[in-house]
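Happy to look at this one with you. Let's go through the surface and the ligand site in turn.

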Amino acid sequence: MATLITGASSGIGAEFACQLAARGDDLILVARRSEKLDELAAALREHHGVGVITIQADLAREGAASEPWADIAARGLTIDTLINNAGFGTSGDVADDDPSRLEREVQLNCGTLTALATHAAADMKRRGAGTIINLASIGGFQPVPHMAVYAATKAYVLSFTEALWAELRPYGVRVLAVCPGPTRTEFFDTAGENAAVGRVRSVESLVAGALRALRGSEPSWVQGLDNKLVTRGVVRVVPKRLVLAVGGRAVRPVTDGPD
Ligand SMILES: NC(=O)c1ccc[n+]([C@@H]2O[C@H](COP(=O)([O-])OP(=O)(O)OC[C@H]3O[C@@H](n4cnc5c(N)ncnc54)[C@H](OP(=O)(O)O)[C@@H]3O)[C@@H](O)[C@H]2O)c1
């Protein structure tokens with residue numbers, strides 16, 4: 001039995017690896033930067049005595065899930081917990097963006113996540129056990145101008161995960177959408193600093209909170225009362241035009257837009 005974590009070379013994925021190794025999980029870590037994965041794997045083996053395998057893969061390519069999944073099957077390993085964490089965001093206007101970059105964003109955040117969850121769901125349903133955690137975001141609860149594609153991918157993850165929760169619950173498989181607010185990671189190196197709207201929290205508190213939420217029975221978990229109030233309350237009752245205006249102003253790049 002092993003826990004598979006995508007995007008484990010930094011940020012939230014690396015912290016999941018640390019907290020799960022500390023409780024004795026054997027791990028399979030996937031990302032592109034193999035040297036970072038190997039460094040983390042060596043530290044976790046030394047400190048916690050767990051087994052750690054690393055797989056280098058670019059998960060933003062179409063069909064990217066099949067290779068690591070086949071690799072895992074060939075090693076005879078069973079995935080007990082899947083943490084679909086790899087993802088990135090882009091800020092800026094769609095009209096000014098590179099279509100192939102947005103395509104990769106959709107493939108990684110939605111396509112590969114879905115394929116891996118589907119492989120895992122089939123095995124877990126058959127075994128009547130297992131856990132799937134998908135990383136959504138508070139950005140998935142409403143459209144976000146200037147981060148349109150990122151927010152849309154996270155709306156997909158949230159919707160997909162909550163439906164999967166209902167499908168697999170009768171078979172004893174636990175599914176959870178984790179919805180972080182801004183969290184201190186390398187995410188903003190790629191998405192841009194303006195994407196951090198509101199209080200920025202630590203990866204340690206995010207992952208500890210997500211693992212606590214896993215012990216409950218809800219299909220999704222939003223970190224922090226402030227974020228819960230906005231996502232579960234405000235955006236549902238405030239008119240859409242106002243949500244779009246406020247959300248768009250919050251993430252708008254300072255140098256962007258007409259004079
Ligand atoms: N930080 C936040 O404020 C925040 C808020 C809400 C949701 N989230 C979500 O949390 C998840 C983790 O993000 P993070 O904050 O921890 O950011 P991060 O530090 O930038 O980590 C992203 C991880 O994804 C991996 N990744 C990116 N592109 C990849 C690709 N093409 N193939 C394979 N792996 C890839 C990266 O590894 P390599 O570069 O080595 O491939 C890295 O390990 C994402 O899904 C993100 O959308 C983050």
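Q: Which residues form a nonpolar patch on the surface, and what is their accessible area together?
A: This is a predicted model, where local features need pLDDT of at least 70, side-chain atom pairs count only at pLDDT 80 or more, and totals for chains, interfaces and linings use all residues. Residues are numbered from 1 along each chain as its sequence is written, and side-chain values use heavy atoms, with hydrogens and water left out. Patch members have over 30% relative accessible area and no salt bridge (a side-chain nitrogen of Lys or Arg within 4 Å of a carboxyl oxygen of Asp or Glu), and nonpolar side chains (Val, Leu, Ile, Met, Phe, Trp, Tyr) are joined within 5 Å. Here the patch consists of Leu-225, Leu-229, Val-230 and Val-234, and by the Shrake-Rupley method with a 1.4 Å probe, only the protein chains shown counting as cover, their accessible area together is about 380 Å².

Q: Is Val-230 buried, partly exposed or exposed?
A: Val-230 sits in helix 8 (residues 225-237), a helix being a DSSP run (H or I, at least four residues) numbered from the N terminus. Buried means under 20% relative accessible area and exposed over 50%, with a 1.4 Å probe and protein chains only. At 39%, Val-230 is partly exposed.

Q: How far is the polar side-chain atom of Tyr-150 from an oxygen atom of the ligand?
A: Tyr-150 is among the residues that come nearest to the ligand, near meaning a heavy atom within 4 Å. A polar contact is a pair of N or O atoms within 3.5 Å. For Tyr-150 the distance is 2.6 Å.

Technical notes: Polar contact = N/O pair within 3.5 Å; in protein donor to acceptor, adjacent residues only side chain to side chain. Patch = residues over 30% accessible without salt bridge, like charges linked within 9 Å, V, L, I, M, F, W, Y side chains within 5 Å. Helix = DSSP H or I, 4+ residues; strand = E, 2+ residues; numbered from the N terminus.
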